[in-house]
Amino acid sequence: MLKQVADVIRGLSADGVQEANSGHPGLPLGCADIGAVLYGEVMKYDPKAPEWADRDRFILSAGHGSMLVYSLLHLSGYDVSLDDLRDFRQLDSKTPGHPEYGHTPGVETTTGPLGQGFANAVGMAIAERMMAERYNTEEDTIVDHYTYTLTGDGGMMEGIVYEAASLAGHLGLGKLIAIYDDNDISIGGSTDITFTEDVPARFRAQGWHVVDGVDGHDFESIKAAIEEGKKVADKPTLIVAKTAIGFGAPTMEGLSAAHGSPLGDEEIRGMKEKLGLPVDEKFYVSKEVKEFFAQKRVELQKEREAWEEKFNKWAKANPELKKSWDQAHNLELPANFREVIEGLEIDAPIASRASSGKTLSKIVDEVEYFVGGSADLAPSNKTYQDKYGEIQKGEFAGRNFRFGVREHAMAAIGNGIALHGGLRPYVATFLVFSDYMRNAIRMSALMNQPVVYVLTHDSIYVGEDGPTHQPIEHTESLRLIPNLTVLRPADEEETKVAWIQAMERTDGPTALILTRQNLPHIEKDNPGDIYKGGYVVKGPQDADIVLIASGSEVSLAVETADLLEKEGKSVRIVSVPERRLFTAQGQDYVNQVLGSKNSLRVAMEIGVGQGWYQFLREGDHLVSIDTFGASGPGKEVADKFGFTAQKVAKEIMNKL
Ligand SMILES: Cc1ncc(C[n+]2csc(CCOP(=O)(O)OP(=O)(O)O)c2C)c(N)n1
């Protein structure tokens, strides 16, 4: 039967790509047998309950092979119809070009950027262990599922897979099973031209159990490999499956030509003939395959219902755990959360990374499901929680991750943890290294995942470490990512609010941009306005000059204002910790905050500041930096780049 299932997948996938006249048939044809084994025999899922917490997860890291997933979801009974398959790659369809989380029931994560999915899978497998540790009892095992991922040669070449595999091996994630679609082909042709390393040896060295030499077209071998992997409880498993890309295509099998364009009508006819599929029927599903999955669905539903029963019994016996489970899955905050965080006593002057650290520790006490760590910069990022244990091999009760120097994987693992459900992650590094994880940050935003990015050492004030470590374009470029909230607090009070806003935002990621250097407390006319993303710190509506800034430049603005006032000028100071939130308050509010028509507006950013032009008019002024920084004591570097009150005040006086 699995053979029939696989061939039907091949027909559906080839037809889908052909109909769209766009897409990647090679992988679905090559991995149809693996897919048939996973959905036809191995995996625990219920198409009627795609959100079932204890389902096995399947992540197609090689997202270009999306027709494989869509075919499997259709056949197994998810809400993906044949018409949806016919609509492959069409606008607003359930079957977009690459699998997109939230668009298609049964799609666990958005994949396409090679390697992201693999790291997401590592995150999910970590989350599974942590949830098991938290919620399973002597009597009842509530959390007990596997995470499967399929990765091609392309993913294997990506650094993120190396990083994520390294951490997965270190943590001994026994319930993670990765399948390597080892077809020796990528877009450029044979992988020999660039990729000749010993992948199985590499994974063994990373602490994985490797099942090598598996025939990816032999059902028994695939099943046996998965069974073997399941038996190894203290290591993740890599199954190296030899496949032929475009399997079944009469002239294209084994060639890169099958990778990324429609096979063509002739080739598809030939394939169908060869596989014994009706040659003239598109999107064909045999009666036997339908019946096979109908039967399968009954069994799977029973399994899920048995779990529900067990879960309900567990919930009755453990009301406290059940309460915690619900809070965690709904990302609920304590009712008095704002009060508790706002009421936290933090003395200034203090670096915002340090006030962030204090706030974070309080949040971790208050919010059990909030877990995280840093890429080997915990002492600098102020993210380690001394009160709690850390996640290590065989120890998943802790709250602290040691991500190691693996920024890209860290962020994508964060996405995986968030997607799994029941936990919410924060991840941390220097702002300048946000570049290393940029695509994963983008994926959090694209998937609406509430990962919190703690990014410290936010400007040339980093000082001695020099231009390699001094962010210039980073804050501005993060602000460009759609759906990413970028909060750059100006003092300890704004930092607490930034954390509150990050935690209250459950439908997308937040980046907190924090200083290394101390910041004074800023006296504000209406501290409650901080929540608006932009507000008047002080100063009259009809001021001669309006200084607009965020983060450390707000205190610089306060100093600058003192000097300007000595020159007889009236000054208003506006703090904008989050630009999009500020503009979302409406044009009237923005206009009111930015003062009268006649004032000179000066925006200040200790880095690239292009985005501030949205608040400036002809004749207004931007104080910013668009070159790299320099090594030296922070204050001297700031002086060199004109970021002292004296220099800024002088620049403004010249402008008037
Ligand atoms: C990060 C990233 N770089 C490049 C691409 C473009 N791309 C898509 S598939 C692919 C080749 C993948 O080769 P392989 O994993 O062997 O897939 P197969 O050819 O077997 O389908 C490339 C370069 C991408 N999707 N993501």
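This text walks through the structure, starting at the ligand and moving outward along the chain. The model is predicted.

Begin with the ligand. A shell of 16 residues surrounds it. The closest are His 64, Gly 154, Asn 183, Ile 185 and His 259. Sort the shell by class and you get six nonpolar, seven polar and three charged residues. Two named elements stand out in the shell. Helix 6, residues 153–157, supplies at least two residues, and strand 4, residues 185–186, also supplies at least two.

Now look at the backbone around the ligand. A backbone N or O atom of Leu 114 lies 3.0 Å from a nitrogen atom of the ligand. Asp 153 has a backbone N or O atom 3.3 Å from an oxygen atom of the ligand. Gly 154 takes part too: a polar backbone atom of this residue is 2.8 Å from a ligand oxygen. How much of the ligand does the protein cover? On its own, the ligand has 590 Å² of accessible area, and the protein covers 74% of that.

Compare this with the record. In an unreviewed entry, UniProt lists eight names under "binding site": His 64, Gly 112, Pro 113, Leu 114, Gly 154, Asn 183, His 259 and Phe 433. These positions span 370 residues in sequence, and their farthest two C-alpha atoms are 34.0 Å apart, so they do not all gather at one spot.

Take one of the listed residues, His 64. His 64 sits in the loop between strand 1 (57–60) and helix 3 (66–76). Is His 64 buried or exposed? His 64 has a relative accessible area of 15%, so it counts as buried, the limit being under 20%.

Next come two loop residues with a backbone angle to notice. Phe 283 is not a glycine, and its phi is positive, near 50°. Find Phe 283 in the loop between helix 10 (265–275) and helix 11 (287–317). Phe 283 is buried, with a relative accessible area of 4%. Asp 376 also has a positive phi in a residue other than glycine, near 65°. Asp 376 is in the loop between strand 9 (370–374) and helix 15 (378–381). Here the setting is open to the outside: Asp 376 is exposed, at 55% relative accessible area.

A further backbone feature sits between Ala 348 and Pro 349. The peptide bond that joins them is cis, with omega about 0°. Pro 349 belongs to the loop between helix 13 (337–342) and strand 8 (350–351).

Then move on to helix 14, residues 352–366. How far apart should its ends be? The helix has 15 residues, and at 1.5 Å a residue it should span 21 Å. Its end C-alpha atoms are 21 Å apart, so the model agrees. The buried residues of helix 14 include Ser 352, Arg 353, Gly 357, Leu 360, Ile 363 and Val 364.

Another helical stretch comes from the record. UniProt, in an unreviewed entry, places a "coiled-coil region" at residues 290–317. In the model, these residues are 100% helix and 0% strand. The C-alpha atoms at the two ends of this stretch are 40 Å apart.

Sequence distance and spatial distance can tell two stories. Start with Ala 233, in the loop between helix 9 (219–231) and strand 7 (237–242). Ala 233 is exposed, with a relative accessible area of 62%. Ala 233 and Lys 175 are 58 residues apart along the chain, yet their C-alpha atoms are separated by 6.9 Å. Now take Asp 529, in the loop between strand 15 (518–519) and strand 16 (535–538). Asp 529 has 18% relative accessibility and counts as buried. Asp 529 and Met 252 are 277 residues apart in sequence, and their C-alpha atoms are 63 Å apart in space.

End with Arg 488. Arg 488 lies in the loop between strand 13 (485–487) and helix 19 (492–504). Although charged by class, Arg 488 counts as buried, at 2% relative accessibility. What does its side chain contact? The side chain of Arg 488 makes a polar contact with the side chain of Ser 550, at 3.0 Å.

Notes
Residues are numbered from 1 along each chain as its sequence is written. This is a predicted model: local features need pLDDT of at least 70, side-chain atom pairs count only at pLDDT 80 or more; totals for chains, interfaces and linings use all residues. Side-chain values use heavy atoms; hydrogens and water are left out. A residue is near a molecule or strand if one of its heavy atoms lies within 4 Å of it. A polar contact is a pair of N or O atoms within 3.5 Å; within protein, one must be able to donate a hydrogen and the other to accept it, and residues adjacent in sequence count only if both atoms are side-chain atoms. Accessible areas come from the Shrake-Rupley method with a 1.4 Å probe; for residues, only the protein chains shown count as cover. Helices (H or I, at least four residues) and strands (E, at least two) are DSSP runs, numbered from the N terminus. The expected span of a helix is 1.5 Å times one less than its number of residues. Buried means under 20% relative accessible area, exposed over 50%, partly exposed in between (1.4 Å probe, protein chains only). UniProt positions are given in the numbering used here, feature names are shortened, and annotations may be inferred rather than shown by experiment.
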